[in-house]
Amino acid sequence: MAWDFETDPDFQRKLDWVDTFVREEVEPLDFVFGSPYDKSDERAMAVLRPLQQKVKDQDLWAAHLGPDLGGQGYGQVKLALLNELLGRSGWAPSVFGCQAPDSGNAEILAHYGTDEQKGKYLQPLLDGAISSCYSMTEPHAGADPTLFTTRAVKDGNEWVINGEKWFSSSARYASFFIVMAVTNPDVSAYKGMSMFIVPAETPGVEIVRNVGVAGEPEGHGSHAYMRYTDVRVPEDHLLGGEGNAFVIAQTRLGGGRIHHAMRTIAQLRKAFDLMCERAVSRQTRTGPLASLQMTQEKVADSWIEIEQFRLLVLRTAWLIDKHKDYKMVRKDIAAVKVAMPKVYHDVAQRAMQLHGALGISNEMPFGGMMNAAQVMAIADGPTEVHKITLATQLLKQYQPVEGLWPSGHLPTLRAAAREKFADLLEHEVGNG
Ligand SMILES: Cc1cc2nc3c(=O)[nH]c(=O)nc-3n(C[C@H](O)[C@H](O)[C@H](O)COP(=O)(O)OP(=O)(O)OC[C@H]3O[C@@H](n4cnc5c(N)ncnc54)[C@H](O)[C@@H]3O)c2cc1C
């Protein structure tokens with residue numbers, strides 16, 4: 001009977017270490033330094049490197065990877081328990097070597113890369129020496145990748161890439177890009193697109209502008225509008241074979257989505273703790289906010305929703321460990337992806353509300369959390385598309401009913417039951 005909600009004591013000790021380490025050593029970095037992806041920031045890197053060494057000493061470096069790639073092969077459940085602590089801080093994933101988008105890019109390089117590609121691009125990424133970018137979405141199409149038009153054409157022993165990409169996160173700090181492009185427009189998009197590794201210094205790679213999310217100054221965000229003009233890469237920079245972009249994207253995005261959800265739990269708990277602290281601290285004429293039933297409702301609803309979400313994430317992580325195949329857990333990951341922005345928004349909004357004007361001010365984190373919740377509703381595919389995936393997968397398990405009445409039709413069920421027990425019922429009547 002392997003059904004357990006306990007964490008094994010050895011790993012719990014590690015988590016306890018992480019909890020203290022992140023609060024005391026890592027969270028302060030968020031207030032002092034810029035982007036963890038900017039490896040040229042020598043002051044920040046001088047602080048970062050010793051912290052990364054402490055993580056390595058605890059055997060917690062790159063915990064999303066197997067031992068062959070320098071991780072510990074902990075699996076997704078343990079990774080979830082770790083990420084729900086790391087998600088407190090923007091810097092923590094970089095301190096622990098599991099930051100998006102590098103983690104997902106490392107996964108696909110490990111999965112599909114040649115030995116040469118691994119040596120040149122994967123190893124420095126795993127070492128935390130460089131940053132990378134995943135460049136898939138286009139300005140005119142995102143949710144439906146079959147509409148992408150960025151084109152790669154073979155010319156001798158090179159590929160020539162032309163097109164535009166949109167919201168390519170961390171492009172400004174990336175040493176290389178993974179770019180999705182049409183290689184054969186005459187077949188289905190599912191077979192006609194390929195992935196390429198494009199070094200950042202390649203002529204023709206241009207950041208048109210760095211787009212920010214709401215709250216960031218215009219032109220100073222981390223999500224690049226990219227233009228690729230006659231960008232030439234050697235043929236060995238094709239990743240995972242011609243026509244395989246969709247398969248590679250699914251491998252990458254499945255993991256990415258669940259890892260975002262794990263980190264979101266940390267933000268939910270942060271908002272919840274602040275909500276409760278405020279409830280017991282702020283006084284009204286009749287007592288603290290905590291004594292008011294509408295405050296109590298906010299606290300109760302938030303706790304239940306966080307616990308429900310966390311269980312869904314952990315169960316999905318457990319399924320990934322069990323099946324070791326994201327395809328088999330597609331509907332579960334879709335469900336997590338749909339649930340995430342709603343619980344994040346609702347909990348952050350309640351915490352914000354209880355803080356009054358202070359809550360909505362830029363002196364508290366709630367505005368950022370509300371934005372982040374909306375990001376979760378869009379990034380890696382919008383909620384609607386994941387609802388469609390979930391419902392389609394669920395409905396596949398059902399067959400149309402034969403005949404006029406649904407299988408739950410009570411008179412039909414009753415008649416069948418009476419027929420099954422006809423002997424007994426006749427006997428009862430006879431006795432009467
Ligand atoms: C913070 C952030 C970081 C990102 N980072 C990256 C990155 O690093 N690399 C990258 O390539 N991309 C990245 N993206 C892009 C992201 O993957 C896309 O924004 C997403 O796939 C949606 O595409 P879109 O914005 O073009 O929306 P659209 O495709 O235009 O969709 C807009 C809206 O239309 C509706 N809609 C669309 N399709 C359907 C449907 N089938 N059924 C019902 N309604 C539908 C939904 O409401 C949807 O939100 C990032 C996005 C964000 C917000």
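User: What share of the contacts in the protein chain with a separation of 6 or more comes from residues 24 or more positions apart?

Analyst: The share is 72%. This is a predicted model, and the value is computed from its atoms. The chain has 16 helices and 10 strands. Its C-alpha trace spans about 95 × 65 × 45 Å along the principal axes.

User: How much of the protein chain counts as buried, and what is the cut-off?

Analyst: Of the 432 residues, 45% count as buried. The cut-off is a relative accessible area under 20%. The accessible surface of the chain comes to about 22,400 Å². Carbon and sulfur atoms hold 54% of that surface.

User: Why is Gln267 called buried?

Analyst: Its relative accessible area is 15%. Buried means under 20%. The value falls below the cut-off, so Gln267 is buried. Gln267 lies in helix α9, residues 245–281.

User: What makes Gly87 a contact of Gln267?

Analyst: Contact requires heavy atoms within 4.5 Å. Gly87 is in contact with Gln267, and so are Arg88, Tyr344 and Met369. That list leaves aside neighbours within four places in sequence.

User: Why is helix α6 described as largely enclosed by the rest of the structure?

Analyst: Count its residues. 9 of the 11 residues in α6, which covers residues 102–112, are buried, so the helix is largely enclosed. Among the buried ones are Asp102, Asn105, Glu107 and Leu109.

User: Which elements do the buried residues of α6 pack against?

Analyst: They pack against helices α7 (115–126) and α9. They also pack against strands β1, β4, β5 and β8 (238–239). Helix α9 is the one that holds Gln267.

User: What makes β4 a mostly covered strand?

Analyst: Strand β4 runs over residues 174–182, and 8 of its 9 residues are buried.

User: How do you know that β1 and β4 pair, and in which sense do they run?

Analyst: Pairing takes at least two bridges. 5 bridges join β1 (residues 131–135) to β4. The count meets the cut-off, so the strands pair. They run parallel. One example is Tyr134, whose bridge partner in β4 is Ile178.

User: How many bridges link β4 and β5, and in which sense do they pair?

Analyst: There are 7 bridges between β4 and β5 (residues 193–199), and the sense is antiparallel. Val179 stands opposite Phe196 in β5.

User: Which residues are closest to the ligand?

Analyst: The closest are Tyr134, Thr137, Phe167, Ser169 and Glu384. In total, 19 residues surround the ligand. To be included, a residue needs a heavy atom within 4 Å of the ligand. The shell divides into 11 nonpolar, 6 polar and 2 charged residues.

User: What makes the approach of Glu384 to the ligand a polar contact?

Analyst: A polar contact is a pair of N or O atoms within 3.5 Å. A polar side-chain atom of Glu384 lies 2.6 Å from an oxygen atom of the ligand. That distance is inside the cut-off, so the pair counts. Gly142 uses a backbone N or O atom, 3.2 Å from a ligand oxygen. A polar backbone atom of Asp380 is 3.5 Å from an oxygen atom of the ligand.

User: How much of the ligand does the protein cover?

Analyst: On its own, the ligand has 980 Å² of accessible area, and the protein covers 66% of it.

User: Which elements give two or more residues to the shell around the ligand?

Analyst: They are β1, β3 (158–169), α13 (366–378) and α14 (383–395). The largest share, 3 residues, comes from α14.

Technical notes. Residues are numbered from 1 along each chain as its sequence is written. This is a predicted model: local features need pLDDT of at least 70, side-chain atom pairs count only at pLDDT 80 or more; totals for chains, interfaces and linings use all residues. Side-chain values use heavy atoms; hydrogens and water are left out. Helices (H or I, at least four residues) and strands (E, at least two) are DSSP runs, numbered from the N terminus. Buried means under 20% relative accessible area, exposed over 50%, partly exposed in between (1.4 Å probe, protein chains only). A polar contact is a pair of N or O atoms within 3.5 Å; within protein, one must be able to donate a hydrogen and the other to accept it, and residues adjacent in sequence count only if both atoms are side-chain atoms. Accessible areas come from the Shrake-Rupley method with a 1.4 Å probe; for residues, only the protein chains shown count as cover. Ala, Val, Leu, Ile, Met, Phe, Trp, Tyr, Cys and Pro count as nonpolar, Asp, Glu, Lys and Arg as charged, and the others, Gly among them, as polar.
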